[in-house]
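Here's a quick walk through the fold, a pocket and the core. Have the model open alongside and follow the residues as they come up.

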Amino acid sequence: MVILAALALALLLVGRYTTWLEPVRSKLDLLSMPFYWVTNIPHRLSEWIDTDWVARQELEKENKLLRNQIRVQESRLQQMASLVAENLRLRQLMNSSEIVQDRVLVAELIGVSPDPLVHKVIVNKGSNDGIYVGQPLLDAFGLMGQVVSVTPYTSQVLLITDNSHAIPVQVTRNNVRTVAEGVGDLYQLRLRYVSSTMDIKEGDILVSSGLGGRFPVGYPVAQIESITYDPGEPFATVIARPAAQLDRSRHVLLVFSEQSDFMVR
């Protein structure tokens, strides 16, 4: 014991005051590194749990919250886009009402016929508002149809594209008169009895002629898209596209005749 103690003391003194043991000390430090690394594992694991793992949970929670907020904002943006589009349509409708010389009443579409072969819509104005059978309906772009039935609070409107509907029209370029009838297609009208000698061209604008007294004069009805001449047929096949947006317009105008006592609303 005494010898070992003396040897240890001698080594301490030699290592303290000389450099003889430096090579041995460096090798011992290298050998001791794994022991330090192993003994430090619990501390490093604790730090990883406290920092990385907890931070990851916080990031995932924050990302989930941000994604939910983005969804809410996207839905609000969609709603805003819809409101902006509706605002634009209303402005177009009000500009149209200023151009219309007759008295009008703004209405809103609240229903569409479920039968694809019947082109009818329902508006939220009825006899209590002075609406009557035969009253014309138009949107910001052109004539849509006429009222065919009325209740105190609603009215049913037959669109100009229905198979049973026809309207007298004239070409704005030369005032040639003809009749535009529905073919059961929201995007097409057909002109009746157009002879090969009639002065009519693709691109011509058709407006209501006022004949028959049902529709006011000069309201846009359609634009001619195609003219087909068949040598074996006495009349040409003329297809026109309605000016009104029959499948899109929500707010519309009900036009009163000159004899109506109703004022513009």
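## One barrel, β6 to β11

Keep in mind that this is a predicted model. Start with the six strands that close into a barrel, running β6-β7-β8-β11-β10-β9 with antiparallel pairing. Going from one strand to the next, the twist averages 40°.

For one piece of that barrel, look at β9 (residues 205-208) and β10 (residues 220-228): they run antiparallel and are joined by three bridges. Val207 has Pro220 in β10 as its bridge partner.

## Another barrel, β1 to β12

Now follow the order β1-β2-β5-β4-β3-β12, where six strands again close into a barrel with antiparallel pairing. Neighbouring strands here are turned by 45° against each other on average, if you ignore direction.

Zoom in on β1 and β2, an antiparallel pair held by three bridges. Within this part of the sheet, Leu109 stands opposite Val123 in β2.

## A pocket with β1 and β2 in its lining

The second largest pocket comes out at a volume of about 180 Å³. Two elements give two or more residues to its lining: β1 (104-112) and β2 (120-123).

Which residues lie nearest the centre of this pocket? They are Val112, Val121, Leu159, Leu186 and Leu246, out of 16 lining residues.

## The nonpolar core and Val221

The largest nonpolar core has 41 residues. Leu191, Ile200, Leu206, Val221 and Leu254 are the ones with the most contacts inside it.

Take Val221 and ignore its neighbours within four places in sequence. What is Val221 in contact with then? Its partners include Leu143, Ile160, Ile167, Val169, Leu189, Leu206 and Val207. Contacts of Val221 also take in Ser208, Arg241, Pro242 and Ala243. Leu206 is thus a contact of Val221, and both names appear among the core residues with the most contacts.

## Val179 on strand β7

Val179 sits in β7 (residues 177-182), one of the strands of the barrel that starts the order with β6. Is Val179 buried or partly exposed? Its relative accessibility is 26%, so Val179 counts as partly exposed; buried would mean under 20%.

Leaving out residues up to four places away in sequence, Val179 touches Ala166, Ile167, Pro168 and Val169, along with Arg190, Leu191 and Arg192. Val169 is ten residues away along the chain, and its C-alpha atom is separated from that of Val179 by 5.6 Å. Val169 and Ile167 turn up in the contact list of Val221 too, while Leu191 is among the core residues with the most contacts.

Definitions and conventions: Residues numbered from 1 in each chain as written. Predicted model: local features only at pLDDT ≥ 70, side-chain atom pairs only at ≥ 80, totals over all residues. Heavy atoms only, no water. Core = buried A, V, L, I, M, F, W, Y, C linked by side-chain atoms within 4.5 Å. Buried < 20%, exposed > 50% of the residue type's maximum accessible area, 1.4 Å probe, protein only. Contact = heavy atoms within 4.5 Å. Helix = DSSP H or I, 4+ residues; strand = E, 2+ residues; numbered from the N terminus. Pairing = 2+ DSSP bridges. Axes fitted to C-alpha atoms, helices over the stretch in contact; angles between N-to-C directions. 1 Å grid on protein atoms, 1.4 Å probe; cavity = no way out; pocket = protein on both sides within 12 Å on 5 of 7 lines; lining within 4 Å. Points joined across faces, edges and corners; volume = space filled by probe spheres on them.
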